[in-house]
Amino acid sequence: GYLGYDGKMEAAPTPPPNSRLIQTVLYLADPYRYYKRVFARWGDTFLFPSFNGDVVLSRDPQAAKIIFTLDPADFTVHAVDRLRSIVGSHSVLALEGDRHKRERKLLNPPFHGARMRSYGTQMQEAALQEISRWQPGPGLDLHRAMQRISLTIITRAVFGIVDPAQVERTQAVATEYMDSMSPLVLMFPFLAHDWLGLSPWARMQRARQEFDSLLYEQIAARRKQPVGEDILSLLLSTRYEDGSGMTDEQIHSELLTLLIAGHETTALSLSWLFYHLYRHPETLVRLRRELDALGPRPEPEQIAQTPYLDACCQETLRLYPIVGEVFRQLRRPLELGRFRVPAGTSVSVSVIGLHTNPALYPEPETFRPERFLERKYSPFEFVPFGGGIRRCLGAAFAMYEMKQVAYAVLQSCELELATARVIKPVMRGPTMGPKGGVQMRLCRRREPTAAQS
């Protein structure tokens, strides 16, 4: 922390060697090990010399508070060109100022309140549909299974699509796009070249083009249909103050953002959740006891409010946040505790660093959901969805979905891990997930299941 700060401003330290290439390679090889080593040696705040611009990273909750409460006029979007290459230039993620505020307000309603809760039953149905296809024995790639569930849910919420063939096509195209994203291209901008169609960048562009054509096809078809309850209908019917509607390009960017951010993140979190539950039988027993006590056919809202399930989901997101850092690029100089950060530099809350800071989380590498029952963490200590005015729009939706899917799986079947090896996180494009996925085995179905009785 900033204890002992004597009023003298200084520059944040840079870990040696002061080489963009070496520091980036060390980070990409193992972000957790990198942060653990650097924070232990250089304190809670340091400068990372990135190819996308220098970044001052911190795991100090006081620094997180400063960063997340910055005035919108004081910062812009970090590495915006890289971001636009993934989600399009009209995405709420790439916008700033009044445009960002306006689009965010527009996209907010479906992810909160009654609109969000109305998806609860659909979330369980999507999970039960996927589970019904599972065969006893090994060979269950849980990450792929969770991707299919999450994509079915977000496809219904965004497009209102229920036709299985259309859902399947959307899943295939979205999955190919996510799989094509190379962390190397995102971290090393100079690799963004075609090289006769053989480079990772070229593969990503091909997958993106297919995704783009699917989205424009959906927009064109829906413009001819009556307004529905889905998010695409909401975007098509919205009007700005001057009476104008959103262009196809704007709608396309938002759909792309919602489909990417709205499925892969939750699928990865669910994969980690089940991995940890089956590695910690005592946690699984306690959680099952809580869920069984709800009785047959509980309401989605009852499931969402169970305290131990909530703690298990939060501990999963603490240990393995989907995004490792939350950035702001400074327009003006900033005093970050005792450090002076010049304009043009980016500042970042290291989510991994904060969530594994032993001063906040004793035994940070241990999966222990009880810590979330023992104390309440501030929005500057626990930040799996970022913070401030750019906090993830879908945070409540993602937590709700995690709980409904976890309930459906745990009440429907008995699984076990197909491997005893410790699964490490690995960079997957802009996100982080379990290396090699989570391989599981279906042992038996639970009959009669509370989820289906």
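## Overall fold

Let's start with the secondary structure: the protein has 19 helices and twelve strands. Its radius of gyration is 22 Å, close to the 22 Å that the globule rule gives for 453 residues, so the protein is as compact as a globular protein of that length. Please keep in mind that this is a predicted model.

Taken along the principal axes, the C-alpha atoms fill a box of roughly 65 × 55 × 45 Å. Of the 453 residues, 57% are buried. Among contacts with a separation of 6 or more, 74% join residues that are 24 or more positions apart.

## Helix α11

Helix α11 covers residues 200–223, which makes 24 residues. From its first C-alpha to its last it reaches 35 Å, close to the 34 Å expected at 1.5 Å a residue.

The buried residues of α11 include the aromatic side chains of Trp 201 and Phe 211. Ala 202, Met 204, Ala 207, Leu 214, Leu 215 and Ile 219 are buried too, and so are Arg 208, Asp 212, Gln 218 and Arg 222. An α-helix has 3.6 residues a turn, so residues three or four places apart point the same way. What lies over this buried set? The cover includes α4 (80–87), α8 (142–159), α9 (164–180) and α10 (183–187), along with α12 (231–237) and α13.

## The largest pocket

Now for the open spaces. The largest pocket holds about 610 Å³. Its lining is made up of 26 residues, and those nearest the centre are Tyr 32, Leu 319, Tyr 320, Glu 365 and Lys 424. Three elements give two or more residues each to this lining: α2 (31–42), α13 (248–279) and α17 (351–355).

Helix α2 provides the largest share of the lining, with six residues. Sorted by class, the lining of the largest pocket contains 14 nonpolar, five polar and seven charged residues. Helix α13 thus appears twice in this report, as part of the cover of the buried residues of α11 and as a contributor to the lining of the largest pocket.

## The second largest pocket

The second largest pocket has a volume of about 300 Å³. It is lined by 18 residues, with Phe 382, Pro 384, Phe 385, Arg 391 and Ala 395 closest to its centre.

Which helices supply at least two residues of this lining each? Both α16 (307–319) and α19 (395–412) do. By class, the lining of the second largest pocket has eleven nonpolar residues, five polar and two charged.

Notes: Residues are numbered from 1 along each chain as its sequence is written. This is a predicted model: local features need pLDDT of at least 70, side-chain atom pairs count only at pLDDT 80 or more; totals for chains, interfaces and linings use all residues. Side-chain values use heavy atoms; hydrogens and water are left out. On a 1 Å grid over the protein atoms alone, a cavity is a set of points where a 1.4 Å probe fits but cannot get out, and a pocket is an open set with protein on both sides within 12 Å along at least five of seven lines; lining residues have an atom within 4 Å of a point. Grid points are joined across faces, edges and corners, and a volume is the space filled by probe spheres set on the points. Helices (H or I, at least four residues) and strands (E, at least two) are DSSP runs, numbered from the N terminus. Ala, Val, Leu, Ile, Met, Phe, Trp, Tyr, Cys and Pro count as nonpolar, Asp, Glu, Lys and Arg as charged, and the others, Gly among them, as polar. The expected span of a helix is 1.5 Å times one less than its number of residues. Buried means under 20% relative accessible area, exposed over 50%, partly exposed in between (1.4 Å probe, protein chains only). Contact means heavy atoms within 4.5 Å. The radius of gyration is taken over C-alpha atoms; the globule rule is 2.2 Å times the number of residues to the power 0.38.
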